[in-house]
Amino acid sequence: MPVHEMRYRSWEGKVMPVPVRLLSVPRYTLLAVFNKYIAAVLLGIGVLQLIAYTGYLVIVTMPELQNLLDLEEVPVRLRDEQIFRYFYSAQYYVCLLMVLLAAPKMISPELAHRSIAIIFSRAIPKSGYILGKVIALGGLLSLLTWVQTSLLFFFMHVLYTPEHTFHAEFWPDTFMLFWKTLLLGVTMTVVLTFVGLAGSAITKNARHAVVLLLIVFLGPGLATTMISEIFRVNVPPVSLRHLTQDMGYLLYNPGELVRDTGPVWVTFAMVLWIAVAFGVVLRQLRPHRVYRE
Amino acid sequence: MFLEAENVTVTFGRRRVLDDLSMRLQGRSTGLLGPNGAGKSTFIKALLGFVPLRRGTIRVLGHDVRRQAMHIRSLVGYMPEHESYIEGLSAVRLLRYLGELSGLSPRDAMERAHESLHYVGLGELRYRPVETYSLGNQQRVKLAQAIVHGPKILILDEPTNALDPEGRNEMLRLVRDIGEYSGSHVIMCSHILRDVEYCCESVTVLNRGRAILSGVIEELKKEDIRTYEVRVEGNRDGFERELVRHGCLTSQNTQGHLRVQLPEGYGTRYLFEIAQKAGVQLRHFHFKKDSLEDIFVSALQESERGHGYARP
């Protein structure tokens, strides 16, 4: 209809409460992420690894298949540990790829064309907007981490019936591991979510955000390794990959030292990563900074 | 009165962008005028609660911006000066998103998104990504997003930027229509005086972070019996010096005529006396009815001279 064939009509309807209106933030953010099919493909790969490990569990619980694959020779504990180590390594790398793919789409596009100005002119708190973004990226990463862990343990619980011969020696350890691995998955998700959002908030260009995140993920590990090698000093590992590995190791072997460091250092470093990333997001989204022209 | 600012000071670093600004806005539509850097955009950001006030208060429809910024934002629709869209989102989806953020249910938001886009004349293009629009149509999308939730106050920052003459006329008609028929108050920031004159009932002029003039446009434009346009034969510079010596304010209009404002309580006889003293003949002489441009220029000049007056 051409301009002015209709008169302006105001709107007087029921206004939704703030928590309800904030739900649209993760919804529209995820829509933007899944505009690219590769995100869906990556999510599919993440789900595939769960299916693969579940398949593996089916194999080890079926004596006929074990005989066929000569799995009886493998000690149960080794098999138990290996499955989780492979599982977590794969989880971390898929997660990392997902962060590189999805995180730049979170805040950068809204900074690029300054739509954040019209978003913040709405009656929503900044903290709510950030929470919406955390839910979007955190939810996506959760599907690849602790949700999968929970599902995996659920399948194990179903498959490892009390009658099964492995149950007695396998299940009690595994059940204890569940809480530890859940904690590791949640921690990894939180750290990667905040780091991803910080990378996205720091630049208006999504491609620059990818490069920046790569540097953040790989740089500290590379730097500490080089410093350790060149100066022959023991630098605590600060890269996210090392920390995730170490945290996983600590979860399996509580009380032991990792690379001459202990659980305090690993926890401190993880909290530091979260705090720095959260600080960057808050700083970048200060309204008068966003509005500066 | 829907907006009241009292002694508002905003600083960026050491620079005072708003300097003890006080003003009251009333009526359906108000134009905020001022040269670049006058503080128009900063004032808008301050009333939306984005820029902290160093001193003073702003009350919007009775709500204090320091304590109720969120509530104020729910009453306001803001059309920024710069581009504002999310790449990849169509106009209808963008408006729906912003409508939902404003508190509309998804169904209402969708309905209002379509309605607003039809209203601004983008009905046919509403499913296209906004980045593919011309600059003029992007301006319309910005207007549509500002009205999608039916705000009580609509703030438009340079709404005719980047528009061709036809698009500009349509935008101005829309703004005027909203001001006249919606029951909303419109605040229009612009440096294009004709746009403000067409759309607004009243005007407030800002300069160097202060309100230097405020009033209803028609009243401001009324004949000012103290102001004359004159053309002289003889030593014009000498005449001008003589005028200033006698307490008159002088300037030059666009045709090159001398514009003279006599001091309070003096009439035309005084002007003739000064001309006689300066030894010039008055060849052209008439009362001056100000245009908005004259009012604006005069207010700025007086402000720069340090008079710092503010008409109520």
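Below are exercises on the contact, the salt bridges and the voids of a predicted two-chain model, with worked solutions.

The model is predicted: local features need pLDDT of at least 70, side-chain atom pairs count only at pLDDT 80 or more, and totals for chains, interfaces and linings use all residues. Residues are numbered from 1 along each chain as its sequence is written, chains are lettered from A and ligands numbered from 1 in the order in which they are written, and side-chain values use heavy atoms, with hydrogens and water left out.

**Exercise 1. Describe the side of chain B that touches chain A.**

Step 1. Count the residues in contact (heavy atoms within 4.5 Å). Chain B contributes 52 residues and chain A contributes 40 residues.

Step 2. Take the buried area, which is the accessible area (1.4 Å probe) that two parts lose on being put together, summed over both. For chain B and chain A this is about 4,600 Å², with 59% of it on carbon and sulfur atoms. On the chain B side, Phe50(B), Tyr97(B) and Leu101(B) lose the most area to chain A, together 15% of what that side buries.

Step 3. Look for polar contacts: pairs of N or O atoms within 3.5 Å, where within protein one must be able to donate a hydrogen and the other to accept it, and residues adjacent in sequence count only if both atoms are side-chain atoms. The rule finds 15 residue pairs across the interface, both residues at pLDDT 80 or more.

Step 4. Assign the residues to elements; helices (H or I, at least four residues) and strands (E, at least two) are DSSP runs, numbered from the N terminus. Helix 4 of chain B supplies the largest share of this side, 7 residues.

Step 5. Sort by class: Ala, Val, Leu, Ile, Met, Phe, Trp, Tyr, Cys and Pro count as nonpolar, Asp, Glu, Lys and Arg as charged, and the others, Gly among them, as polar. The chain B side has 21 nonpolar, 13 polar and 18 charged residues.

**Exercise 2. Which residue forms a salt bridge with Glu12(A)?**

Step 1. Apply the rule: a side-chain nitrogen of Lys or Arg within 4 Å of a carboxyl oxygen of Asp or Glu. The structure holds 17 salt bridges over all chains, and the count between chain B and chain A is 2.

Step 2. The partner is Lys152(B), with the closest N and O atoms 3.2 Å apart. Glu12(A) lies in the segment before helix 1 (18-22) of chain A and Lys152(B) in the loop between helix 5 and strand 7 (153-157) of chain B, so the pair joins two chains.

**Exercise 3. Describe the second largest cavity and the largest pocket.**

Step 1. On a 1 Å grid over the protein atoms alone, a cavity is a set of points where a 1.4 Å probe fits but cannot get out, and a pocket is an open set with protein on both sides within 12 Å along at least five of seven lines; lining residues have an atom within 4 Å of a point. Grid points are joined across faces, edges and corners, and a volume is the space filled by probe spheres set on the points.

Step 2. The search finds 5 cavities of 30 Å³ or more. The second largest cavity has a volume of about 80 Å³, and its lining includes Tyr28(A), Lys105(A) and Tyr97(B). Helix 2 of chain A gives the most to this lining, 3 residues.

Step 3. The largest pocket has a volume of about 560 Å³. Of its 22 lining residues, Lys36(A), Lys105(A), Pro109(A), Ala206(A) and Glu87(B) are the closest to its centre. By class, the pocket lining divides into 11 nonpolar, 5 polar and 6 charged residues.
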